[in-house]
Amino acid sequence: MENLNAKTILIAEDSSVILNLTKKILELQQYRIVSAKNGGEVIRQIESQPIDCVLMDINIPVKDGMECTREIRRNSDPRIAKIPVIAITGNANNYSMEQFREAGVTDYLPKPLDFDALVRVVKQYVG
């Protein structure tokens with residue numbers, strides 16, 4: 001039975017292993033999950049349906065997560081431009097919080113993912 005009021009989370013992640021694990025964890029929390037394997041797909045997904053939050057792997061192909069986030073923030077649709085973007089990065093040290101903010105990242109989680117932290121952060125922005 002699909003929960004029609006379920007919030008939709010877009011997971012932008014090119015690793016199937018991480019994607020499937022993250023998806024399972026969030027489905028257990030009753031979220032609806034859609035996914036994108038690269039930056040081009042992220043923008044297509046966001047423009048084709050209502051998304052409540054994006055988990056954005058910074059190192060996705062085509063357009064990286066930072067570029068995607070900037071593009072989301074520049075979107076002419078205010079609903080899209082305001083979507084919370086949670087960056088997920090294995091090399092957070094390559095970016096300062098300042099750079100994340102400048103790109104429009106709402107929050108970030110380091111890899112390897114701590115799934116308790118993941119659920120807590122998603123709930124914080126999505127409810």
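Strand E4, which covers residues 85-89, pairs with E5 in the parallel sense over four bridges, and at this pairing Thr-89 stands opposite Pro-110 in E5. The model described here is a predicted one.

**The sheet**

Strands E4 and E5 belong to an open sheet of five strands, whose order is E2-E1-E3-E4-E5 and whose pairing is parallel. The edges of this sheet are formed by strand E2 (32-36) and strand E5 (107-110), each of which has a single partner strand, so one side of each is left without a neighbour in the sheet. From one strand to the next, the twist averages 20 degrees. In general terms, strands of a sheet pair through backbone hydrogen bonds, in either a parallel or an antiparallel arrangement.

**Helices across the sheet**

Helix H3, made up of residues 65-73, lies across strand E3 (53-57) and E4, and runs at about 150 degrees to E3. Helix H6, made up of residues 115-126, lies across strand E1 (8-12), E3, E4 and E5, and runs at about 170 degrees to E5.

**Aromatic residues**

A search of the whole structure finds two aromatic pairs. In one of them, the ring centres of Tyr-95 and Phe-100 are 5.6 Å apart and the planes stand at 35 degrees, so the pair is tilted. Which residues make up the aromatic cluster? Tyr-95, Phe-100 and Tyr-108 form one such cluster. The partners of the tilted pair can also be described by their accessibility: Tyr-95 is partly exposed, with a relative accessible area of 23%, whereas Phe-100 is buried, with a relative accessible area of 0%.

**Cysteines**

How many disulfides does a search of the whole structure find? The search finds zero disulfides. Cys-53 is in no disulfide, and the nearest cysteine sulfur, that of Cys-68, is 14 Å away; since a disulfide requires a pair of cysteine sulfur atoms within 2.5 Å, this distance of 14 Å does not qualify. Cys-68 is likewise in no disulfide, its nearest cysteine sulfur being that of Cys-53, 14 Å away. Cys-53 counts as buried at 0% relative accessibility, and Cys-68 also counts as buried at 0% relative accessibility.

**Accessibility of the residues discussed**

| Residue | Relative accessible area | Class |
|---|---|---|
| Tyr-95 | 23% | partly exposed |
| Phe-100 | 0% | buried |
| Cys-53 | 0% | buried |
| Cys-68 | 0% | buried |

Note on methods. Residues are numbered from 1 along each chain as its sequence is written. This is a predicted model: local features need pLDDT of at least 70, side-chain atom pairs count only at pLDDT 80 or more; totals for chains, interfaces and linings use all residues. Side-chain values use heavy atoms; hydrogens and water are left out. Two strands pair if DSSP finds at least two bridges between them. Helices (H or I, at least four residues) and strands (E, at least two) are DSSP runs, numbered from the N terminus. Axes are lines fitted to C-alpha atoms, for helices over the stretch in contact, and angles run from 0 to 180 degrees between N-to-C directions. Contact means heavy atoms within 4.5 Å. Rings of Phe, Tyr and Trp (its six-membered ring) pair if their centres lie within 6.5 Å; planes under 30 degrees apart count as stacked, over 60 as edge-to-face and the rest as tilted. Buried means under 20% relative accessible area, exposed over 50%, partly exposed in between (1.4 Å probe, protein chains only).
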